[in-house]
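Hi,

Here's the structure I promised to pass on. Have a look through it first, and my notes follow below.

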Amino acid sequence: MAPLLPSSVFASLLLLILLCVSPSAIHAGGDRIPSTLDGPFEPVTVPFDLSLRGNAVDLPDTDPRVVRRVNGFEPEQISVSLSANHDSVWISWVTGEFQIGYNIKPLDPTTVGSIVRYGKHRYPLRHEAKGKSLVYSQLYPFEGLQNYTSGIIHHARLTGLRPDTMYYYRCGDPSIGAMSDIYSFRTMPASGPKSYPRKIAIFGDLGLTYNTTATISHVKSNNPDLVVLVGDVCYANLYLTNGTGADCYSCSFSNTPIHETYQPRWDYWGRFMQDLIAKVPIMVVEGNHEIEPQVGGQTFVSYSSRFAFPSEESGSRSTFYYSFNAGGIHFVMLGAYISYDHSSEQYRWLERDLANVDRSITPWLVAVWHPPWYNSYNAHYREVECMRVEMEELIYSYGVDIVFNGHVKNETWALWKWHRNQDAVSEVGDQIYIVRQPERCLRTAPQTRQWIADL
């Protein structure tokens, strides 16, 4: 294994997934890329070049990419998320200003409407969707700690959409003249064995650093159709409530009465990401840095409030686990920081969801959660062994094709070739060539025999 990155380095992992159709996939240079079918191979261990990555430096609140650029109740932090299928998406945004201090008064979410006007043409936007709104607070019952209350967060669901179609939209409240500019997004292809997004960007442990800006620049230059964020969003929990941050919270703030956060980092992150995720749908699953404990034992409040999830549409009652289709791919997003044992609601939901997957329609089955079950990283070794024991057999029995995790920030190459972006090196794109031939596997689960993908 490569040497471990220090915990202070929040390395963003970026993959642009290209689903290939032949075991003889060809590299751009003309050489055939070996697959796992050509193995087994002797593992190659290469020391990590520490000169490639120094300590990550957070973007300051004065950076023009994170400052508030709207007035009054005009929308900001705009994003698109998928519903369970191609015919529906969620639009999310924030209006009004957050407050942080000792005497805060939450905004009234009923004072601003949640309206999206949309259509297949920029003018006129013939359709309208009404959404819901909320405000959340991050409160600490300790003297000297500042409390936070958010702007008004809006989520509106657009329905009746056509597959693989460009739509234009504006969001806000037209009754008070507070509408956004016009943005656009493309819906997912209809589900089917020959229908896939062209590119999917998958990354985790993103943060809001200068490294983040390089990663997102790489993502945007590759024009993905979908973004999947595998947990650990903005690292607001590496800060005290007064805005003092550190690479290692427990090292620098060992005497704090509760693990504090600086919630404005969420707003900065939303502003920075808007240029990408107002146009490209983003799907998120929680990581450990989203736990964020506060008064009353509440956790994950920021995460659960700021993003829209297709929970109800996919039969889930939780923001921590849900599923959705992206063309011929069925994604299952799982929660590693809530109950997952055989008696838990999450496990029962997963059984139902996997049983309902029709592999003749969605041949690819992909599972996503934050911490990996298998790794040799000393700090996280067997950290989620209990989750593995509870869920691995279920995942395996339904023939899940790929699992994506984050959390462990060391560099690893699988038996197929892939390339990882470095902080200051602009690559055309990272690539994994995956050929799905279940008939070649040593063990084929009963459920998999009928759904060999006709790619």
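Let's start with a small puzzle: are Y249 and F253 buried or exposed? Both of them are buried. Keep in mind that this is a predicted model.

Those two residues also bring us to the aromatic pairs, of which the count comes to 20. In the case of Y249 and F253, the ring centres are 5.1 Å apart and the planes sit at 70°, so this pair is edge-to-face, the cut-off for that being over 60 degrees.

Another edge-to-face pair is W269 with F307, at 6.1 Å centre to centre and with 80° between the planes. What I like here is what the pair links: distant parts of the chain, 38 residues apart. W269 belongs to helix α3 (residues 264-277), while F307 is in the loop between α4 (301-306) and β17 (322-326). Both W269 and F307 are buried. They also belong to one aromatic cluster, which includes W266, F300, Y303 and F309 among others. F320, Y322, F324 and F331 are members of that cluster too.

Now over to helix α5 (residues 345-355). Its buried residues are Q346, Y347, W349, L350, D353 and L354. Looking down the axis of α5, you'd find these buried residues within an arc of 160°, so they line one face of the helix. And what do the buried residues of α5 pack against? The answer is β17, β18 (329-333), β19 (364-368) and α6 (385-397). You've met β17 already, at the far end of the loop that holds F307.

Enjoy looking around!

Key: Residues numbered from 1 in each chain as written. Predicted model: local features only at pLDDT ≥ 70, side-chain atom pairs only at ≥ 80, totals over all residues. Heavy atoms only, no water. Phe/Tyr/Trp six-rings, centres within 6.5 Å; stacked < 30°, edge-to-face > 60°. Buried < 20%, exposed > 50% of the residue type's maximum accessible area, 1.4 Å probe, protein only. Helix = DSSP H or I, 4+ residues; strand = E, 2+ residues; numbered from the N terminus. Arc of directions from axis to C-beta. Contact = heavy atoms within 4.5 Å.
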